[in-house]
Amino acid sequence: MRVFSLNRLARHLLLETGGSARPFLDGSGKSILVYRIVRDLQDKLPLFADAIRKGGFAKVAGDLLAECKRYGISLEELRRVAEETTDSRLAVKLRELAVVGEAYEEAMSGSGYLDGEDRLTMAGTRLKEFQGLSGIHLCLDQFLRFSPVQLQ
């Protein structure tokens, strides 16, 4: 029997199916990247500007972007909901989060890095190619509940 966390299972699948060539950006690296992005975009984020100056905002923004990915909420959907909502403050927050998310995605694709959600998504698409799980008893560890990406 083998015991895997979802991230270790994803890493193992990608290693076995040839998808592990892209480097992984851990939580600290992701926070630094998001911090640089929000610092550089401060002028385009008037509602978030105070929170950015107080600190801790990069972690929260990174976590929000990860949750969006986990639950299949695209940046386009954030913008669409921002246009449809009658709550003007929520609309601004969603638009500003989409701006941060777009810059984050550009930075990630430009650098060739994967984050945890990208790794799980890629592993999910490669699962059918991997014969190594056939006929084994697999235990997954370290989860509270499954998101749609994790269920895949």
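The structure holds 1 aromatic pair. Phe48 and Phe57 make up this pair, with ring centres 4.9 Å apart. Their planes stand at 50 degrees to each other, so the pair counts as tilted, between the limits of 30 degrees for stacked and 60 for edge-to-face. Phe48 and Phe57 are both buried. The model is predicted.

**Overall fold**

- The chain has 8 helices and 2 strands.
- Along the sequence, their order is β-α-α-α-α-α-α-α-β-α.
- The pattern thus opens with a strand and closes with a helix.
- Of the 152 residues, 36% count as buried.
- Contacts were counted at a separation of 6 or more, and 79% of them join residues 24 or more positions apart.
- The chain exposes an accessible surface of about 9,400 Å².
- Carbon and sulfur atoms supply 53% of that surface.

**Helix H1 and the residue after it**

- Helix H1 covers residues 6-17, which makes 12 residues.
- What span should H1 have at 1.5 Å a residue? The expected value is 16 Å, because the rise is multiplied by one less than the number of residues.
- The end C-alpha atoms of H1 are 16 Å apart, which agrees with the expected span.
- The buried residues of H1 include Leu6, Leu9, Leu13 and Leu14.
- Ala10, His12 and Thr17 are also among the buried residues of H1.
- Gly18 comes just after H1 and has a positive phi of about 85 degrees.

**Salt bridges around Asp115**

- The whole structure contains 11 salt bridges.
- One of them joins the side chains of Asp115 and Lys30, at 4.0 Å from N to O.
- Why does this pair tie together separate parts of the chain? Asp115 sits in the loop between helix H6 (88-111) and helix H7 (116-126), while Lys30 belongs to helix H2 (residues 27-40), so the bridge connects parts that are 85 residues apart in sequence.
- Is Asp115 buried or exposed? Asp115 has a relative accessible area of 1%, so it is buried, the limit being under 20%.
- Lys30 has a relative accessibility of 12%, so it falls under the same 20% limit and counts as buried.
- Asp115 also forms a salt bridge with Lys69, at 3.0 Å from N to O.
- This second pair links distant parts of the chain, with Asp115 in the loop between H6 and H7 and Lys69 in helix H4.
- Asp115 and Lys69 are 46 residues apart.
- Which residues are linked in a network of salt bridges? Lys30, Lys69, Glu105 and Asp115 are.

**A salt bridge within helix H4**

- The side chains of Glu67 and Arg70 meet in a salt bridge of 2.3 Å, N to O.
- Both residues lie in helix H4 (residues 57-70).
- Glu67 and Arg70 are 3 residues apart, about one turn of the helix.
- Glu67 has a relative accessible area of 37%, so it ranks as partly exposed, between the 20% and 50% limits.
- Arg70 has a relative accessibility of 23%, so it also counts as partly exposed.

Technical notes: Residues numbered from 1 in each chain as written. Predicted model: local features only at pLDDT ≥ 70, side-chain atom pairs only at ≥ 80, totals over all residues. Heavy atoms only, no water. Helix = DSSP H or I, 4+ residues; strand = E, 2+ residues; numbered from the N terminus. Buried < 20%, exposed > 50% of the residue type's maximum accessible area, 1.4 Å probe, protein only. Contact = heavy atoms within 4.5 Å. Areas by Shrake-Rupley, 256 points an atom, 1.4 Å probe, with all protein chains shown as cover. Phe/Tyr/Trp six-rings, centres within 6.5 Å; stacked < 30°, edge-to-face > 60°.
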